[in-house]
Amino acid sequence: MFIPRIRPGLPTGTWHSVITTSLLLAILAGCAGAPTQRSAGPVSGNQAESYYQRGDFEGAARAFERLAEAETGRRDSWTLRAADAAWLAGLTGRSMDRLDALERTGLTAEQRRLADLLAVLTGILQPPSPRLALEVLRPPPGGWPELYQPDVLRLRARAYANAGDPYLSAQELVALGSFMMDRQGAINNRQAILETLSALSADQALAYLDRHYPADEMYGWLALVADIKSALVSNGSVAETVASWRMRFPYH
């Protein structure tokens with residue numbers, strides 16, 4: 001069972017401010033050359049989807065919101081898509097608002113899983129244990145949409161770390177590495193992998209090696225940790241150990 005995070009309500013304006021604003025808008029509307037404000041026309045599902053597919057997530061969020069208002073029979077489905085697009089646009093508060101508006105009764109099992117994921121990503125739902133967090137973040141059939149995979153991998157790595165499993169946490173971080181497009185992000189992720197695996201002993205790292213082929217990236221990380229741990233125990237040179245490891249794994 002998840003614990004909802006209750007957010008304070010937004011302050012409402014006074015009647016005085018509403019009247020003042022209305023008068024100001026009326027004056028501006030009467031000025032020469034002022035553009036006429038027209039309500040947005042109807043939008044189709046194909047139009048909203050085209051915004052989404054070309055990466056205009058803010059435009060997609062607006063379009064899906066309009067569809068939710070217009071098509072009451074599919075309101076939950078369109079509202080979820082609006083929350084989805086708003087999150088990808090970086091509009092966390094707007095995504096939270098759309099999730100709050102969901103009734104969920106008309107959602108499919110797959111849609112409910114996406115709603116749960118978005119609730120965790122935005123912080124509306126906070127799983128009280130790593131086990132429950134990992135259950136929410138368990139990939140559905142076919143996997144999570146690619147746009148969500150970096151966020152999911154980060155959260156799964158954190159959940160495994162909180163559960164006391166540095167090996168599985170590091171595996172998620174290794175998978176996350178393929179999504180690192182900038183150099184600094186890649187460096188930070190590699191540092192996180194090494195720091196996470198440093199919780200293992202040399203014997204533990206060596207035992208996990210049997211689960212991987214030497215060509216696997218995880219194999220190289222485990223070998224590095226095992227070598228460094230052994231060097232520290234024997235008072236050897238860590239610098240020489242790392243240099244030797246680099247010769248063994250030149251393309252790591």
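Let's start with the chain as a whole: of its 252 residues, 37% are buried. Keep in mind that what you're looking at is a predicted model. The accessible surface adds up to about 15600 Å², and carbon and sulfur atoms hold 55% of that. As for secondary structure, you'll find 13 helices and two strands along the chain. If you take the contacts with a separation of 6 or more, 56% of them join residues 24 or more positions apart.

With that overview in hand, let's look at how some of the helices pack. Two packed helices are described by the angle between their axes and the distance between the axes. So those are the values to look for in each pair.

Take helix α4, which covers residues 75-88, and helix α6, which covers residues 109-122. Their axes lie 11 Å apart, and the helices pack at an angle of about 40 degrees. An angle like that makes α4 oblique to α6. The crossing of α4 past α6 is left-handed. Which residues of α4 and α6 meet? On the α4 side they are S77, L80, A83, D84 and W87, and on the α6 side they are Q111, L114, A115, L118, L121 and T122. Sorted by class, this contact of α4 with α6 has seven nonpolar residues, three polar ones and one charged one.

Now move along to helix α9, residues 166-177, and helix α10, residues 183-197. Here the axes come within 9 Å and cross at roughly 170 degrees. Because angles over 145 degrees count as roughly antiparallel, α9 is roughly antiparallel to α10. The way α9 passes α10 is again a left-handed crossing. From α9, the residues making the contact are P166, Y167, S169, A170, L173, V174, L176 and G177, while α10 brings N189, A192, I193, T196 and L197. By class, the contact of α9 with α10 has nine nonpolar and four polar residues, with no charged residues.

One residue from that list is worth a stop: S169, which sits in helix α9. Is S169 buried or exposed? Its relative accessible area is 2%, and since anything under 20% counts as buried, S169 is buried. And what is S169 in contact with, leaving aside its neighbours within four places in sequence? The residues are A157, Y160, A161 and T196. You've already met T196: it is one of the α10 residues in the contact between α9 and α10.

Methods: Residues numbered from 1 in each chain as written. Predicted model: local features only at pLDDT ≥ 70, side-chain atom pairs only at ≥ 80, totals over all residues. Heavy atoms only, no water. Axes fitted to C-alpha atoms, helices over the stretch in contact; angles between N-to-C directions. Helix = DSSP H or I, 4+ residues; strand = E, 2+ residues; numbered from the N terminus. Parallel < 35°, antiparallel > 145°, perpendicular 65-115°, else oblique. Left-handed = near helix turned anticlockwise from the far one by under 90°. Contact = heavy atoms within 4.5 Å. Nonpolar A, V, L, I, M, F, W, Y, C, P; charged D, E, K, R; others polar. Buried < 20%, exposed > 50% of the residue type's maximum accessible area, 1.4 Å probe, protein only. Areas by Shrake-Rupley, 256 points an atom, 1.4 Å probe, with all protein chains shown as cover.
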